[in-house]
Structure formats: C-alpha cells, structure tokens
Amino acid sequence: MECDGLMFCEKQYGVASNFHISRYARIGVLPDTAVIRASSNAKYSWIGEIIYGSVLKTGYFEVDVCVGCELIDMFAESSGDLGSAHKVFEKMPERNLVTWTLMITRFAQLGCARDAINLFLDMELSGYAPDRFTYSSVLSACTELGLLALGKQLHSRVIRFRLALDVFVGCSLVNMYAECTAYGLVNDSRKTFDQMPAHNVMSWTAIITAYVQSGECDKEAIELFFRMISGQIQPNQFSFSSVLKAYIGFAKHGFAARALEMFRKMLETGTKPNEIAFVAVLSACSHVGVISEGRKHFNSMYKVHGIVPRMEHYACMVDSLGRSGLLVEAMEFINSLPFMADALVWRTLLGACRVHGNTELGKHAVEMILEQEPDDLVAYILLSNLHASAGQWRDVAKIRRSMKSKI
C-alpha cells in the first residue's frame, strides 16, 4: 500500500517530493528512473546520495543501464558534481553508446572539455562508434579548448561517415570555425553552413555571430539575419544580440535606426533581451539622438527584465547625453551611479566635452581618468586638443610638458 501511495504521488504531481523520494530508500523499495530524475533537482541532491547508495546495495545498479544514466545526470545536473557522475560511469558494469555519449556531453557542457576529449578517445579504444550526438559534443569541446587541428580531423571523419550534414554536427562545426574567426576562418564557417540541408536557430545564430566577430562583415551578418526570419525561423536572444551589434558596427552608414526597429521587434516576439542586446540598443539610441527612448530602455533593464546595468550601459547613457550637448546632465548622471565611474565613463564624457568645447568639465574628466589610470597619455592628448580648440595655447604647452615627463 505504501509503495502504491508513492506511485500515486509521482503520477499526480509529476515529480516525487523529497519526503516520498527518501521513503523509497528507507522502506527498501527500488526507485525507478523517474524517481532518480526527480532527485536531479538541486534541492534534492542529498537524497540522490541516499538513492545511489541504495541501488548499489540492492544490486539494482547492475540490472538496468538506464539507472546508471539517470544517476550520472542526477549528479551532473543537481550540483554539477562531475566527479561523482564519472564515478557512477566507472562503476557501471555495462556501457553502451548512449552512456559514453552522455558522460562526454556532460563533461563538455560543464567546463571539462579536456576530460570530454579524453573520454571520447577511451570510447573509441573500447570499440564504440561515435554517433552524431557524440561528435557534436566533442567538436564543442575542441572549440572550448581552441583545438582547431583536432576539430578539422573530426570534420574529415564526419564527412567520411556522412554525418556532416546533420544539423547537430553541422551547428557544432559552424560554431568551431566561428570561434576561430581570428585565424581568418569565417569562410570555412560559411562553407559548412551552406552545405547543411536544414537549419535551426542555433546554426543561423552561429553563422551570424561568426560574421559579427570577424569585425568586417556586419553587412553580411544583417543579410543572413533577414534570410533567417524570412525562412520562418524565430530568432532567440543571441541571434538578436548579434544582429544588433552588427547594426551598431554599421551605424556610420545610417543603420542605427534599423537597430532600434530590430530591438522593438525582438520585444514584440517575447524574446528576452540580454546584456549585450542592451549595450547595442543604447548605443543605437545614442547614434540616432533619441535620448528619451534610451532612458526608457535603460530604466527597463532592471525594472522589466531583471538585468543589472553594467559600466558599459552607463557609458552608453553618458554618450547619449553628451552627443546631444547635455553635458551638465551627463555629469549629474555620473554622480548618480551606484558605484564609482570607471575610466571608460569619464573618457566618454571627455569626448563629448571636446566636441562641445566645455574645457572646465573636460579638465575634471581628465583628472578623474588620471586618478584611476595615471599613465594614460590619451587623456592628456584629448585635454590638449580641448584647450587647443579653445585657443588656450599656454595650457596646451603646459600639458605637453606634463606628457613628456610621463614618457
């Protein structure tokens, strides 16, 4: 009867409560995979330890390979305890491809990329042939470690085994080459992307991000984004963030207004913006000169989206006010910051002072920069230019003498 009550609780509420899970262990009833899965909740991780001990004592661990898989996930997901998860893996009397791939994937996902690759090599030595999910995880591990040579070897293998066209493997390959854009491999990323017969939001986001990261292909990134949405693929926060950054990079050509329009569409679709998206949209507001909209988005960061503004967001607001000549208001905004403004914020104000010829405020900005970075010669140069534009040549000479003493 007690066992039936536990089963009812699981069926009725979807997951087992901590009380009912612990009762399994106490009354000697063998927990099934659903109960172990319920213990993956971080709140119940201590109960997972009890269940693990129970299945080892009863021999249930050796009966069903699925129990081992659920235990691995229980430790990995509840507390990120990869040590215990791997211990379970090592104790499993029987392993299959799913088991190997699961352990490799959890290593790759939780910051142990080198362990993922080592386990992959062990798997092959044990005679198991990797599938698309295995290759996808190992390629991600190669990306994390910057092991491009190994990644290219694996690329050759997935082509030979006809797995390169799979959306999971393809997305991992696009990501790998995207992260290596510093080596001029954005074309390899695009080639891999174009060879994929089908795409999802992750593969589209990967290739868009690759172009943005290259620093010279903002136009291509924007074009790809519109190809994605025309194909009925719903963008996520990462694809929106990447295309917003592309628009800002392209702002000199009048695309900042399009960035604001894109951000509004992002909100309309219910996609939650992240910190990067807000840097992009606040920069766009600054370029276009819409201070009120910039304020609205800035205020919504924490109030609506729960994002705590960082120094970059404050610098964007100072830039927006400064570009419009509202230098006193910009100074008041800096004084209202919940922490000490860094050199980035003061440089932003200094740039605005130079444009609008406010020497006194510019001098204060330089003093604040040099207080934090005493050897910043750029600050001296900007102040010198500020005095020069006002015809204050004695001050220019004085600053240049100070600069020489710093060199």
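Buried residues (under 20% relative accessible area, 1.4 Å probe, protein chains only) make up 47% of the 407 residues in the protein. The model is predicted: local features need pLDDT of at least 70, side-chain atom pairs pLDDT 80 or more, while totals for chains, interfaces and linings use all residues. Residues are numbered from 1 along each chain as its sequence is written, and side-chain values use heavy atoms, without hydrogens and water.

**Exercise 1.** Find the salt bridge partner of Asp73 and say whether each residue is buried or exposed.

*Solution.*
- Apply the criterion: a side-chain nitrogen of Lys or Arg within 4 Å of a carboxyl oxygen of Asp or Glu.
- Asp73 pairs with Arg106, N to O 2.5 Å.
- Locate the pair: Asp73 is in helix α6 (residues 65-79) and Arg106 in helix α8 (residues 97-109), 33 residues apart. Helices are DSSP runs of H or I, at least four residues, numbered from the N terminus.
- Check cover: Asp73 is buried at 14% relative accessibility. Arg106 is buried too, with a relative accessible area of 14%.

**Exercise 2.** Determine which parts of the chain the bridge between Arg347 and Asp376 ties together.

*Solution.*
- The closest N and O atoms of Arg347 and Asp376 are 2.9 Å apart.
- Arg347 lies in helix α22 (residues 343-356), Asp376 in the loop between α23 (359-372) and α24 (377-389), so the bridge joins parts 29 residues apart in sequence.
- Arg347 is partly exposed, at 29% relative accessible area; partly exposed lies between under 20% (buried) and over 50% (exposed).
- Asp376 is buried, at 11%.

**Exercise 3.** State how many salt bridges the rule gives, and name one network.

*Solution.*
- The count is twelve.
- Glu275, Arg310 and Glu312 are linked in a network of salt bridges.

Terms used: Helix = DSSP H or I, 4+ residues; strand = E, 2+ residues; numbered from the N terminus.
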